[in-house]
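Here are my comments on the structure, set out as numbered points for reading alongside the coordinates. I begin with the ligand surroundings and then turn to helix packing, overall dimensions and one loop residue.

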Amino acid sequence: MAILAMETSMNTLSRFGLPLVFGLIACDAATVAPDVEEAAVVCNLAAAEITSILTLPSTPFDYDGQPVPTYIGVDNTGSNPITDYGATLGRVLFYDRALSSDGTISCASCHQQAFAFSDPSDASTGVNGTAGRHSMRLVNARFAEEDAFFWDERAATLELQTTQPIQDHVEMGFSGQDGAPSISDLVATLQEQAHYQNLFTCAFGDAGVSEVRMQQALAQFVRSIQSFDSRYDEGRAQVGNDGVPFPNFTAEENLGKEIFLRRADFNGAGVRVGGGAGCAGCHRPPEFDIDPRSDNNGVVGVLAGVGTDLEVTRSPSLRDVVKADGSSNGAMMHSAIGGLAAALAHYDSIEPVPGIDQRLTPAGQGQQLGLTDVETSALVAFLRTLAGEDLYTNVMWSDPFR
Ligand code: HEC
Ligand code: HEC
């Protein structure tokens, strides 16, 4: 046993130049205790217990060194900075179906890379039925002033958000209620698995699995998912200011940008008489994150049914709301409005509802933007420029399971 452990640490030594051995030093025979196998877990992404299950690079991807444009000014990382090994562990957890009570659902079932980490189904399917709201894109979640998550902002941090779907009866099922297993059962199961002992050692220095560590690793992975290779970014970098036309944009895209940015001028009846559409007041460039002070936007319908959902005041970043070619990343808003045209039609003529943001009720009336066809097409053309390419294909965010 001691020999095996020593071989592993030699293997690590040759790959990294440094043995990352935690706990007992395996080759000191005098200190070998009966539980040496557990105590001498090493960090080695090329170890057999990893490579038999997962395709991971032997040196982790550079999650923490990804370039961020200088004009990006907000970051909700807090006290859990991305590390390469932490995000690697988060990636494995994100794609692991063992995180659901019947072994069929992973985070990625409802957050699919090909759809900007959202779900093409209006209502995502979990282990016990369908979720009550549409899934959210996980793009640039880090680059937002708002640090509360979910459509209704009920998770105070991204860390706290990440284990809620695991404990949700419908979504992943480790609820601990009515005979269902609990998250501590899941922690105990993961603790027994050799590849997780290795991966937790890489991320945290020892093999101990806990809910807090799962939250940290999952949040690091989610925060690592970034998209800054859009045509918007190309133009923004060239002129350094949203307010002037971008040289790489068509005339239509520049018109759409102007309409998105400018406030609307309304008459006393809430009818637009000039200006733009005022979108940037809530979806703020260059991050396109939601203003943390936003109230609801008047979309209060619930999925597949009657009723209202007045608490929804968050939107994911509008980056990658559709793909660059205009194709869909799934429906929009919590009630799964289909497509940009429908989303714009909503803002064109607002019905005041309880809790609606005052920016959408000029003079106490629901706004009537009266967008022309030319303006609507221009807005759609501009929103497409917010999509990148790398997000959809980069291996560092893909399924690592063989
Ligand atoms: C069964 C489908 C499903 C599964 C599985 C699932 N999610 Fe979600 N996710 C959703 C839905 C639906 C929402 C929006 C829910 C709401 O607001 O009530 C959401 C919201 C989120 C958000 C909030 C994004 C934001 O901008 O506020 C994050 C982050 C997230 N999920 C991460 C995860 C992680 C991590 C896992 C795995 C541990 C996971 N999800 C598993 C469907 C799912
Ligand atoms: C008062 C703040 C506010 C203003 C102004 C505003 N929005 Fe929104 N927007 C929101 C909120 C809140 C949501 C989430 C709504 C929901 O799910 O019910 C949202 C959602 C969206 C979505 C769907 C995002 C997703 O991930 O599904 C799009 C697209 C959108 N808005 C575009 C626009 C455009 C274009 C304008 C200008 C015409 C605009 N918004 C003006 C607050 C605002």
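Which residues are the closest to ligand 2, and how many surround it?

1. Please keep in mind throughout that this is a predicted model. In this model, ligand 2 is surrounded by 28 residues, of which C279, C282, M332, M333 and D357 are the closest. Helix α13, covering residues 340–348, gives the most to this shell, with three residues, and sorting the shell around ligand 2 by class yields 16 nonpolar, nine polar and three charged residues.

2. Ligand 1 has 30 residues around it, and those that come nearest are C107, C110, G126, F150 and P165. Several helices take part here, since at least two residues of the shell around ligand 1 are supplied by each of α5 (107–110), α6 (158–162), α7 (164–167) and α10 (211–224). By class, the shell around ligand 1 consists of 19 nonpolar, seven polar and four charged residues.

3. Helix α10 also packs against α4 (residues 84–95), with the two axes coming within 7 Å and crossing at roughly 95°. Because angles of 65 to 115 degrees count as roughly perpendicular, α4 and α10 are described as roughly perpendicular to each other. On the α4 side the contact involves G86, A87, L89, G90, R91, L93 and F94, which meet M214, Q216, A217, L218, Q220, F221 and S224 in α10. By class, this contact of α4 with α10 comprises eight nonpolar, five polar and one charged residues.

4. As for the whole protein, its secondary structure comes to 15 helices and six strands. The radius of gyration is 24 Å, close to the 21 Å that the globule rule gives for 402 residues, so the protein is as compact as a globular protein of that length. The C-alpha trace spans about 85 × 55 × 30 Å along its principal axes, and 41% of the 402 residues count as buried. Among contacts between residues at least 6 apart in sequence, 63% join residues at least 24 apart.

5. One residue to look at individually is V209, which is found in the loop between α9 (194–204) and α10. Is V209 buried, exposed or partly exposed? V209 counts as partly exposed, because it has 19 C-beta neighbours inside 10 Å, whereas a buried residue needs 20 or more. Leaving aside neighbours within four places in sequence, V209 is in contact with V187, L190, Q191, Y196 and F200. From V209 to N394, the C-alpha to C-alpha distance is 28 Å, with their positions 185 residues apart in sequence.

Technical notes
Residues numbered from 1 in each chain as written. Chains lettered and ligands numbered in written order. Predicted model: local features only at pLDDT ≥ 70, side-chain atom pairs only at ≥ 80, totals over all residues. Near = placed C-beta within 6 Å. Helix = DSSP H or I, 4+ residues; strand = E, 2+ residues; numbered from the N terminus. Nonpolar A, V, L, I, M, F, W, Y, C, P; charged D, E, K, R; others polar. Axes fitted to C-alpha atoms, helices over the stretch in contact; angles between N-to-C directions. Parallel < 35°, antiparallel > 145°, perpendicular 65-115°, else oblique. Contact = placed C-beta atoms within 7 Å. Rg over C-alpha atoms; globule rule 2.2 N^0.38 Å. Buried ≥ 20, exposed ≤ 12 C-beta atoms within 10 Å, placed from the backbone.
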